[in-house]
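Here's a quick briefing to read with the model open beside you. We'll start with how the copies relate, then look at a sheet and a single residue.

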2 protein chains.
Amino acid sequence: MKKIALLGATGSIGLQTLDVIRLHPEEFELHSMAFGRNVEKALPLIREFKPKKIVVQDEQTKVTLEKEIDQPILTGTGGLIEVSVDDAVDVVVNAVMGSVGLPATLKAIQAKKTIAIANKETLVTAGHLVMSEAKKHGVELLPVDSEHSAIYQSLNGESKKDIHKLIITASGGSFRDKKREDLVGVTVEDALNHPNWSMGAKITIDSASMMNKGLEVIEAHWLFDVPYDQIHVILHRESVIHSMVEFVDRSVMAQLGTPDMKVPIQYALTYPERLDLPMTKQLELEEIATLHFEKMDMVRFPCLRMAYEAGRAGGSMTTVLNAANEEAVQLFLEGKIPFLDIERKIEKALEGHDRIHNPDLSTILSIDEETRKQVRFHLN
Amino acid sequence: MKKIALLGATGSIGLQTLDVIRLHPEEFELHSMAFGRNVEKALPLIREFKPKKIVVQDEQTKVTLEKEIDQPILTGTGGLIEVSVDDAVDVVVNAVMGSVGLPATLKAIQAKKTIAIANKETLVTAGHLVMSEAKKHGVELLPVDSEHSAIYQSLNGESKKDIHKLIITASGGSFRDKKREDLVGVTVEDALNHPNWSMGAKITIDSASMMNKGLEVIEAHWLFDVPYDQIHVILHRESVIHSMVEFVDRSVMAQLGTPDMKVPIQYALTYPERLDLPMTKQLELEEIATLHFEKMDMVRFPCLRMAYEAGRAGGSMTTVLNAANEEAVQLFLEGKIPFLDIERKIEKALEGHDRIHNPDLSTILSIDEETRKQVRFHLN
């Protein structure tokens with residue numbers, strides 16, 4: 001029985017993690033759960049799973065929740081850390097949104113927990129810290145993202161020294177068939193209409209801007225210790241091949257499937273074993289009939305270009321990339337800036353930043369905060 | 001340094017095995033080689049690789065070869081066995097054509113050699129004997145066929161209990177775009193013109209009739225211990241995905257690549273490691289752009305249907321299937337029967353055979369011989 005601390009329980013990945021736990025009550029138990037402010041969504045889950053510990057984002061949410069349940073409630077980063085290092089917990093699923101999951105992830109690594117990481121911002125913003133801690137404590141980070149899970153599965157039984165390149169597939173997002181000039185007037189609703197996957201709002205916007213793929217490239221760099229020149233992105237509109245690894249003998253291993261996040265979530269929880277997922281649709285290639293692949297266009301998708309540039313520059317640049325993107329996407333979702341301003345704001349933030357080599361946690365957190373402020377309050 | 005006994009050195013797989021050995025002289029040494037009658041092709045190879053032992057098919061070839069080289073020469077099945085069990089040999093590559101490789105393979109297993117098996121007829125004709133010996137002696141059979149190598153690679157690091165189904169891809173062969181009525185007048189030359197792979201004559205004809213895929217289904221059944229109902233074949237004209245495994249969690253692992261048999265050959269020799277293959281073309285999915293998949297049509301391809309039926313019936317039926325096919329293909333290549341008579345002769349041989357459960361080696365060899373005679377001398 002694996003006992004799970006689930007950070008980000010009411011988000012898309014969190015809810016699907018609970019689906020997986022429901023499917024295998026003999027294998028998994030929800031030990032504790034953290035969520036932001038959505039008490040309405042969380043309450044039935046708390047009543048169903050009866051977690052030993054509960055974390056919410058702030059005092060106000062705590063007060064609201066205390067009226068409903070008779071159990072102590074933790075808050076904020078301190079709360080996330082407390083459940084992540086709890087002796088009873090085997091696996092920490094980090095599915096919070098944005099870089100808020102970073103301190104808890106570092107503490108969970110130090111406590112030698114297995115980490116299922118759905119929060120790519122943690123690695124983008126502080127990959128060097130997270131991976132050096134993971135190495136130091138002999139902790140394995142199990143990716144939950146479908147692309148990184150595909151690479152992880154493709155590396156099963158293989159030696160990292162035999163990797164020739166990673167090939168990450170990109171569906172192209174909601175705007176893949178639009179030219180740059182067509183993007184001027186697009187709405188939030190347009191951007192949220194992803195062709196293949198049903199996901200949270202932030203990641204769906206990131207897919208439309210291709211920043212999601214950029215963040216994945218940086219995440220892959222850290223998770224698999226592969227240089228940026230050996231990480232390729234190709235457009236694959238059907239999202240059937242979730243990603244690939246080419247080895248030195250030119251053999252390419254790939255993981256394929258229907259778009260169901262329960263597959264990579266469960267794999268991270270069962271690795272190195274697998275378990276049934278009987279309700280998940282089987283892949284029927286005869287029905288799909290055709291798979292398409294196209295070269296990725298870095299001019300059409302400047303967010304991907306900027307992600308590669310920030311990744312190659314290293315140091316604090318990816319912290320700035322991530323923070324600027326998170327804040328710009330939020331502004332877009334709030335209707336305060338047009339879609340194309342997301343990339344402009346990121347570019348500006350990167351240009352205005354003096355790179356710091358090997359930043360420590362407090363430096364990262366202050367750069368993160370400073371970048372967000374700049375993006376939000378300099379609305380020009 | 002792995003010392004290799006290569007059975008079938010002058011065939012397509014044999015020559016490419018020698019290419020792999022040439023590429024990695026620090027890793028592999030050709031200890032001994034066996035070939036049929038092609039002295040002209042063999043002589044420069046003997047002079048280049050200087051094998052300690054040489055086997056030829058018959059006395060006449062031995063006499064011819066003795067005029068050229070000053071070294072004892074072995075013959076026939078006895079010779080194949082002698083090199084296969086030689087103490088100095090680490091790996092036996094069975095790349096002979098047809099079921100002639102069976103006795104040597106069984107002896108090599110008993111001598112606990114690693115077997116790289118390119119000869120699918122060995123498993124088709126006597127899978128139960130080969131696999132029970134392999135299990136008994138703890139010997140691993142490493143497949144060289146691109147499809148089985150793809151499955152083997154997809155199973156790397158996985159548990160066999162987690163297999164949901166095997167998905168073998170078929171290019172469709174030279175006649176994939178012809179209807180059955182178009183096959184009446186096809187020539188040997190037409191049949192030998194394979195769209196994707198350059199291979200020996202027998203396997204190319206088998207590809208055109210789809211019997212090759214049928215033999216692969218039976219081979220996969222034995223190699224991976226998977227029931228026939230869990231082995232699917234799909235038409236995939238580009239042959240980019242070499243085959244796949246679907247697991248119980250609906251995750252599908254696949255191996256992809258350009259059509260170069262050196263990849264699976266080398267993998268069988270280096271497993272579980274990999275080595276460079278710098279001259280092999282990298283897979284560029286952006287260039288290929290589109291992959292197609294179609295349902296396999298058992299009416300269009302009766303040889304595949306018969307292979308499934310013979311496999312499910314079990315016992316001596318697959319021996320008959322294989323022997324009738326080998327002989328009928330030979331008759332077609334000799335210009336003695338039309339293409340569509342291949343399937344008619346196989347069907348007739350299967351119908352006329354009384355199945356024997358669990359046949360031993362001598363029974364198999366006599367059924368094999370009897371079937372060939374019937375196919376050859378009853379030309380109606």
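**How the two chains fit together**

In this predicted model, chain A superposes on chain B by a rotation of 180° with 0.0 Å of shift along the axis, at an RMSD of 0.0 Å. That's the relation of a two-fold axis. If you want a landmark in chain A, go to A:Gly157: its C-alpha is the one nearest the axis, 2.2 Å away.

**Interface**
- The copies meet through the same surface, because 98% of chain A's interface residues are also interface residues in chain B.

**The sheet**
- There's an open sheet of 10 strands with mixed pairing, and its order reads 13(A)-9(A)-8(A)-10(A)-11(A)-11(B)-10(B)-8(B)-9(B)-13(B).
- Its edges are strand 13 (294-295) of chain A and strand 13 (294-295) of chain B, each of which pairs on one side only.
- Within chain A, strand 8 (residues 163-170) and strand 10 (residues 241-247) run antiparallel and are joined by 5 bridges.
- To find your place in strand 10 of chain A, look for A:Ser243, which sits opposite A:Ile168.

**A closer look at A:Leu333**
- You'll find A:Leu333 in helix 14 of chain A, which covers residues 317-333.
- Its relative accessibility is 26%, so A:Leu333 counts as partly exposed.
- Setting aside neighbours within four places in sequence, A:Leu333 is in contact with A:Val188, A:Leu192, A:Ala201 and A:Ile205.
- A:Ala191 is 142 residues from A:Leu333 in sequence, yet their C-alpha atoms are 9.5 Å apart in space.

Key:
Residues numbered from 1 in each chain as written. Chains lettered and ligands numbered in written order. Predicted model: local features only at pLDDT ≥ 70, side-chain atom pairs only at ≥ 80, totals over all residues. Heavy atoms only, no water. Helix = DSSP H or I, 4+ residues; strand = E, 2+ residues; numbered from the N terminus. Buried < 20%, exposed > 50% of the residue type's maximum accessible area, 1.4 Å probe, protein only. Contact = heavy atoms within 4.5 Å. Pairing = 2+ DSSP bridges. Least-squares fit on C-alpha atoms with pLDDT ≥ 70 in both.
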